[in-house]
Amino acid sequence: MRILIVEDEVALREGLRDLMVGDGHQVKSVGDGAAALELGIREPFDVVLLDLMLPKLNGIEVCRRLRAARPSMSILMLTARGEEDDKVAGLGEGADDYVTKPFAARELLARVRALGRRHLGNEGAEVIRIGALTLDLAQLQGDREGETFRLTAREAGIIRLLYRSRPNPVSRAELLEAVWGSRGDLETRAVDMAIATLRKKIETLASRPQMLLTIKGAGYCWRDS
Ligand code: CA
């Protein structure tokens with residue numbers, strides 16, 4: 001599996017890395033919340049081991065944003081004793097499981113494997129097929145009437161969020177926050193531009209979209225007809 005380790009304590013981070021590499025996984029690791037968010041949105045991982053107390057952006061916030069951008073990724077929170085409330089908050093923000101430090105290596109490996117099995121079971125949800133259009137959100141590619149094209153991670157994030165929210169519309173502010181990781185200080189025009197580019201890739205006629213619909217006053221909506 002592809003595993004992202006997010007832990008600011010160097011010794012623990014290295015220990016986790018060795019443990020996971022030793023168990024046959026592909027591992028990347030970072031030491032703060034902002035780096036975790038950036039890497040987790042840019043690259044697909046099967047499981048994220050996410051420390052709760054992190055510099056720059058705390059684990060709860062990273063969890064919430066990663067969950068929005070990549071719903072099928074499994075998130076395992078690493079909490080310290082006495083952080084019970086935060087643990088509950090983490091699960092509320094979409095963490096799949098948690099372990100309390102200090103934990104036994106065997107226990108952690110068992111949890112990670114369990115999450116991996118669940119993840120593989122969800123894999124199909126990352127491929128969307130509508131008529132002559134296929135979108136593979138995990139592989140960041142699509143095919144329309146035999147012509148293949150690439151998707152950016154951001155475009156895949158937009159599709160994922162709209163597709164999962166259908167038939168309800170998603171506001172520009174929600175898209176900005178979930179896909180760009182911004183709390184509305186960024187121009188909503190960035191969303192409109194990204195949608196326009198995406199329509200050119202996936203719609204038969206970008207000027208008359210059939211899937212990526214604009215809902216006046218509400219935002220954007222995915223329609224699979
Ligand atoms: Ca920490």
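**Contacts of R13, cysteines and enclosed space**

Leaving aside residues up to four places away in sequence, R13 touches I5, E7, D8, S29, V30 and G31, where contact means heavy atoms within 4.5 Å. The model is a predicted one, in which local features need pLDDT of at least 70 and side-chain atom pairs count only at pLDDT 80 or more, while totals for chains, interfaces and linings use all residues. Residues are numbered from 1 along each chain as its sequence is written, and side-chain values use heavy atoms, without hydrogens and water.

R13 sits in helix α1, residues 10–22 (helices are DSSP runs of H or I, at least four residues, numbered from the N terminus). R13 is buried, that is, under 20% relative accessible area with a 1.4 Å probe and protein chains only. Even so, R13 has no salt bridge (a side-chain nitrogen of Lys or Arg within 4 Å of a carboxyl oxygen of Asp or Glu). The nearest side chain of opposite charge, E14, is 4.3 Å away from R13.

Turning to the cysteines, C63 is buried at a relative accessible area of 0%, and C221 is buried at 8%. The whole structure holds zero disulfides, a disulfide being a pair of cysteine sulfur atoms within 2.5 Å.

The search for enclosed space gives two cavities of 30 Å³ or more; on a 1 Å grid over the protein atoms alone, a cavity is a set of points where a 1.4 Å probe fits but cannot get out, and lining residues have an atom within 4 Å of a point. The second largest cavity holds about 40 Å³. Its lining includes I41, A69, R70 and V179, but helix α6 (residues 153–165) supplies the largest share, four residues.

Conventions:
Helices (H or I, at least four residues) and strands (E, at least two) are DSSP runs, numbered from the N terminus. Buried means under 20% relative accessible area, exposed over 50%, partly exposed in between (1.4 Å probe, protein chains only). Lys and Arg count as positive and Asp and Glu as negative; His and the chain ends are not counted. On a 1 Å grid over the protein atoms alone, a cavity is a set of points where a 1.4 Å probe fits but cannot get out, and a pocket is an open set with protein on both sides within 12 Å along at least five of seven lines; lining residues have an atom within 4 Å of a point. Grid points are joined across faces, edges and corners, and a volume is the space filled by probe spheres set on the points.
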